[in-house]
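Trainee: Please choose one part of this structure and take me through its surroundings closely, keeping the cut-offs beside the terms as you go.

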Amino acid sequence: MVISSTQAIPDTEAVPQHVAIIMDGNGRWATRRHLPRTAGHAKGVQAVRRAVEACGRRGVRYLTLFAFSSENWRRPADEVSLLMRLFVQALEREVDKLQEQGVRLHVVGDLSPFEPRLRELIAQAQDRTAGNDRLHLTVAANYGGRWDILQATRAMLRARPELAADPDAIDEAALAEHLSMAWAPEPDLFIRTGGEQRISNFLIWQLSYTELFFTDKYWPDIDAEALDAAFEWYRTRERRFGRTSAQLRDAKR
């Protein structure tokens, strides 16, 4: 299991090894063009394809995309229905390309409310790409950071019921191994498009020491050049993980 950045200092590289993205602004992109919001979501699928290809070429190992939050059920019913259809279509059309590119697909979140056909396609896509290791693409669907911590707590207590009587024995490692992305390192770089500057219940455990990059660009406008701008900004960051700048300089000597 990957060690938490609050417990150990992770290795850092010029290219972020794990990039997490909130793909925001699809609806506003469409509204600006006097199109229905649904057109923006359809356009956003193309941006997903560009991001996967660009990250693969640049040596990113893990790409995590926030596709549908546990709070997105509050949106208009027709918009939620379209998002579900787009998810089905993407799984039907894109898995061949993922396989060709050596991309392994993971889907995390509470999948129980989804239609059986969608759950079946998710399982098939994950099984088909399970042998790939060039890029791990994780889609967070019906996901929330608080849900993740809650389900991890329940799973931990089911696996180790003795901890309920001895809470002092609970440490980060005991809980973290049950998080939905326990197999992946914590994100190095978080990107949110669309101009908002918050993490919106996304990976709230894992983002503790992640560099946060916000852009006004709407998700459908994101391309390789926009990602390169975020990566260039990332390279300017001094990742101290609690240390001083002097300690960081000494460690590099």
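Mentor: Helices (H or I, at least four residues) and strands (E, at least two) are DSSP runs numbered from the N terminus. The model is a predicted one, in which local features need pLDDT of at least 70 and side-chain atom pairs count only at pLDDT 80 or more, while totals for chains, interfaces and linings use all residues. Residues are numbered from 1 along each chain as its sequence is written, and side-chain values use heavy atoms, with hydrogens and water left out.

The part I would choose is helix H3 with its partners, and a convenient way in is Leu105, which belongs to strand S3, residues 103-108. Leu105 has a relative accessible area of 5% and is therefore buried (under 20%, with exposed over 50% and partly exposed in between, for a 1.4 Å probe and protein chains only). If neighbours within four places in sequence are left aside, Leu105 is in contact (heavy atoms within 4.5 Å) with Leu91, Leu98, Ala125, Gln126, Thr129, Leu137 and Val139. Glu196, by contrast, lies 91 residues from Leu105 along the chain, and the C-alpha atoms of the two are 27 Å apart.

Two of those contacts of Leu105, Leu91 and Leu98, return when H3 is followed against its neighbouring helices. On one side, helix H2 (residues 37-58) packs with H3 at an angle of about 25 degrees, the two axes being 11 Å apart (axes are lines fitted to C-alpha atoms, for helices over the stretch in contact, and angles run from 0 to 180 degrees between N-to-C directions). H2 is therefore roughly parallel to H3, a term for angles under 35 degrees, where over 145 is roughly antiparallel, 65 to 115 roughly perpendicular and the rest oblique. From H2 the residues that meet H3 are Arg37, Thr38, His41, Ala42, Val45, Arg49 and Val52, and they face Glu79, Leu82, Leu83, Leu86, Glu94, Lys97 and Leu98 of H3.

Helix H4 (residues 116-128) also packs with H3, here at about 15 degrees and with axes 10 Å apart, so H3 is roughly parallel to H4. To this contact H3 brings Met84, Phe87, Val88, Leu91, Glu92, Val95, Asp96 and Gln99, whereas H4 brings Arg117, Leu118, Leu121, Ile122, Ala125 and Arg128.

Phe87 leads on to the interior, since the largest nonpolar core (buried Ala, Val, Leu, Ile, Met, Phe, Trp, Tyr and Cys residues joined through side-chain atoms within 4.5 Å) has 43 residues, and Phe87, Ile21 and Leu63 are those with the most contacts inside it. H3, which spans residues 77-100, contributes eight residues, the most to this core. Ile21, again without its neighbours within four places in sequence, is in contact with Leu63, Thr64, Leu65, Phe66, Ile191, Phe202, Trp219 and Leu227. Another core, of 13 residues, lies apart from the largest one and includes Ile22, Ala140, Tyr143 and Leu203.

Two asparagines deserve a look for their backbone. Asn142, in strand S4 (residues 135-143), has a positive phi near 50 degrees although it is a residue other than glycine, and with a relative accessible area of 6% it is buried. Asn201 sits in the loop between strand S5 (189-192) and strand S6 (211-214); its phi is also positive, at about 65 degrees, and it is not a glycine. The relative accessibility of Asn201 is 16%, so this residue counts as buried.
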